[in-house]
Amino acid sequence: MTSNLTAVPRHAILYSFRRCPYAIRARLAITAAETVVELREIELRNKPEAMIAASPKSTVPVLLLNNGDVIDESLDIMLWALRHNDPGHWLDSAWMQDVGQLIQCNDGKFKYYLDRYKYADRYPEYPAHYYRQQGELFLAELESRLNRSQYLCSDHFALADAAILPFIRQFAAVDPAWFENAPYPDLKRWLDRFLTSRLFDTVMSKYSPWKPDAPSLFLGTALSGQEDKIIRGNHSLL
Ligand SMILES: N[C@@H](CCC(=O)N[C@@H](CS)C(=O)NCC(=O)O)C(=O)O
């Protein structure tokens with residue numbers, strides 16, 4: 001019995017991969033929720049056995065809770081964190097259904113074309129610009145929302161922004177010169193503000209891959225003073 005007790009971690013553990021957009025959105029929400037979790041950076045080519053044991057589908061992010069439960073979908077991790085603590089009101093939206101639908105479009109069709117645009121040489125059925133044009137249908141939808149409001153589904157930075165921005169970052173990075181000249185000024189402003197925020201900087205800290213005997217690292221300590229205003233929706237710092 002005692003050995004079981006000692007096997008249960010005292011804090012939640014997040015298996016994460018720095019550049020993965022799903023892991024980034026999970027880290028954003030955990031940080032915004034000021035919830036401290038142990039961060040275990042992994043390599044996709046060399047996943048730790050402990051992560052695979054917790055979640056055999058073995059995609060990141062994986063959150064292992066201190067009661068032994070496992071959450072292995074990024075959106076569920078965001079909701080878990082924000083339902084515990086949501087100082088920035090990321091879950092406050094009169095249009096939660098709209099938020100869900102927009103994130104679904106991102107994770108479905110947009111992600112499908114993003115992968116093909118990014119790795120066009122692996123999908124020779126069409127040229128890269130075809131995949132880009134398909135992805136642009138979603139960019140245009142976001143641009144028209146951002147023409148009307150500074151954020152996607154709310155008057156402040158919230159769940160939809162955090163869930164979708166990491167994927168738009170990837171799309172922009174495929175061909176930065178093209179993106180720079182693309183006709184999406186409000187989308188670019190929204191992305192730039194995010195990329196230069198303290199919140200983004202915090203969740204993109206670099207760590208060496210976790211090893212079972214490594215000392216624990218923690219994510220989610222509260223940002224201090226002026227710097228936490230992106231979380232709290234203060235437009236002046238965004
Ligand atoms: N639906 C999952 C998708 C997560 C996902 O596909 N993550 C990628 C990395 S960006 C992954 O772990 N792929 C497995 C691999 O490359 O081995 C979620 O939202 O958490």
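Hi everyone, let me start inside a helix: Leu 142 lies in α6, which covers residues 128-148. One word of caution before I go on, which is that this is a predicted model. So what surrounds this leucine? Leu 142 has 24 C-beta neighbours inside 10 Å, and it therefore counts as buried, since the cut-off is 20 or more. Setting aside residues up to four places away in sequence, Leu 142 touches Leu 152 and Leu 187. There is also a pairing across the sequence here: Leu 102 and Leu 142 are 40 residues apart along the chain, yet their C-alpha atoms are 9.1 Å apart in space.

Let me stay with α6 for a moment and come at it from a loop. Tyr 184 sits in the loop between α8, residues 176-181, and α9. Is Tyr 184 buried or exposed? It has 20 C-beta neighbours inside 10 Å, and because 20 or more is what burial takes, Tyr 184 counts as buried. Which residues does Tyr 184 touch, not counting those up to four places away in sequence? They are Leu 139 and Glu 143. From Tyr 184 to Leu 139 the C-alpha distance is 7.6 Å, with their positions 45 residues apart in sequence.

A third residue to look at is Tyr 117, found in helix α5. Tyr 117 is buried, with 23 other C-beta atoms within 10 Å. Beyond four places in sequence, Tyr 117 touches Ala 128, Tyr 131, Arg 132, Gly 135 and Val 174. Pro 127 is 10 residues away from Tyr 117 in sequence, and the two are 8.5 Å apart from C-alpha to C-alpha.

Now let's zoom out to the whole chain. The protein has 10 helices and five strands. Of its 238 residues, 37% count as buried. If you take the contacts with a separation of 6 or more, 72% of them are between residues 24 or more positions apart.

On to the core. The largest nonpolar core has 62 residues, and Leu 14, Ala 29, Ala 160 and Ile 164 are those with the most contacts inside it. Helix α7, residues 159-174, gives the largest share of this core, at 10 residues. Where does the core lie with respect to the two domains? Domain 1, which is 2-89 + 200-237, and domain 2, which is 96-197, both give residues to this core, so it lies between them.

Ala 29 is a good residue to click on. Apart from neighbours within four places in sequence, Ala 29 is in contact with Ile 77, Met 78, Ala 81, Leu 82 and Ala 162.

That takes us to the helix packing. Helix α2, residues 21-32, and helix α4, residues 74-84, have axes 8 Å apart and pack at an angle of about 5 degrees. That angle is under 35 degrees, and α2 and α4 are therefore roughly parallel to each other. On the α2 side the contact is made by Tyr 22, Ala 23, Arg 25, Ala 26, Ala 29 and Ile 30, while α4 brings Ser 74, Ile 77, Met 78, Ala 81 and Leu 82. By type, the residues of this contact are nine nonpolar, one polar and one charged.

Compare that with α7 and α9, the second of which spans residues 185-195: their axes come within 11 Å and cross at roughly 105 degrees. The angle falls in the range of 65 to 115, and α7 and α9 are therefore roughly perpendicular to each other. Leu 165, Ile 168, Arg 169 and Ala 172 of α7 make this contact with Leu 191, Phe 194 and Leu 195 of α9. Here the split is six nonpolar, no polar and one charged.

Last, some backbone geometry. Most residues other than glycine have a negative phi, and most peptide bonds are trans. With that in mind, a cis peptide bond joins Val 60 and Pro 61, with omega about 5 degrees. Pro 61 lies in the loop between α3, residues 49-54, and β3, residues 62-64.

Then there is phi. Glu 34 is not a glycine, but has a positive phi of about 55 degrees. You will find Glu 34 in the loop between α2 and β2, residues 37-41, and with 18 other C-beta atoms within 10 Å it is partly exposed. His 89 also has a positive phi, near 60 degrees, and sits in the loop between α4 and α5, residues 96-118. With 17 C-beta neighbours inside 10 Å, His 89 counts as partly exposed. Thanks, everyone!

Technical notes:
Residues are numbered from 1 along each chain as its sequence is written. This is a predicted model: local features need pLDDT of at least 70, side-chain atom pairs count only at pLDDT 80 or more; totals for chains, interfaces and linings use all residues. Helices (H or I, at least four residues) and strands (E, at least two) are DSSP runs, numbered from the N terminus. A residue is buried if 20 or more other C-beta atoms lie within 10 Å of its own, exposed if 12 or fewer, and partly exposed in between; C-beta atoms are placed from the backbone. Two residues are in contact if their C-beta atoms, placed from the backbone, lie within 7 Å. A nonpolar core is a set of buried Ala, Val, Leu, Ile, Met, Phe, Trp, Tyr and Cys residues joined through C-beta atoms within 7 Å. Domain bounds come from an automatic or database domain assignment. Axes are lines fitted to C-alpha atoms, for helices over the stretch in contact, and angles run from 0 to 180 degrees between N-to-C directions. Angles under 35 degrees count as roughly parallel, over 145 as roughly antiparallel, 65 to 115 as roughly perpendicular and the rest as oblique. Ala, Val, Leu, Ile, Met, Phe, Trp, Tyr, Cys and Pro count as nonpolar, Asp, Glu, Lys and Arg as charged, and the others, Gly among them, as polar.
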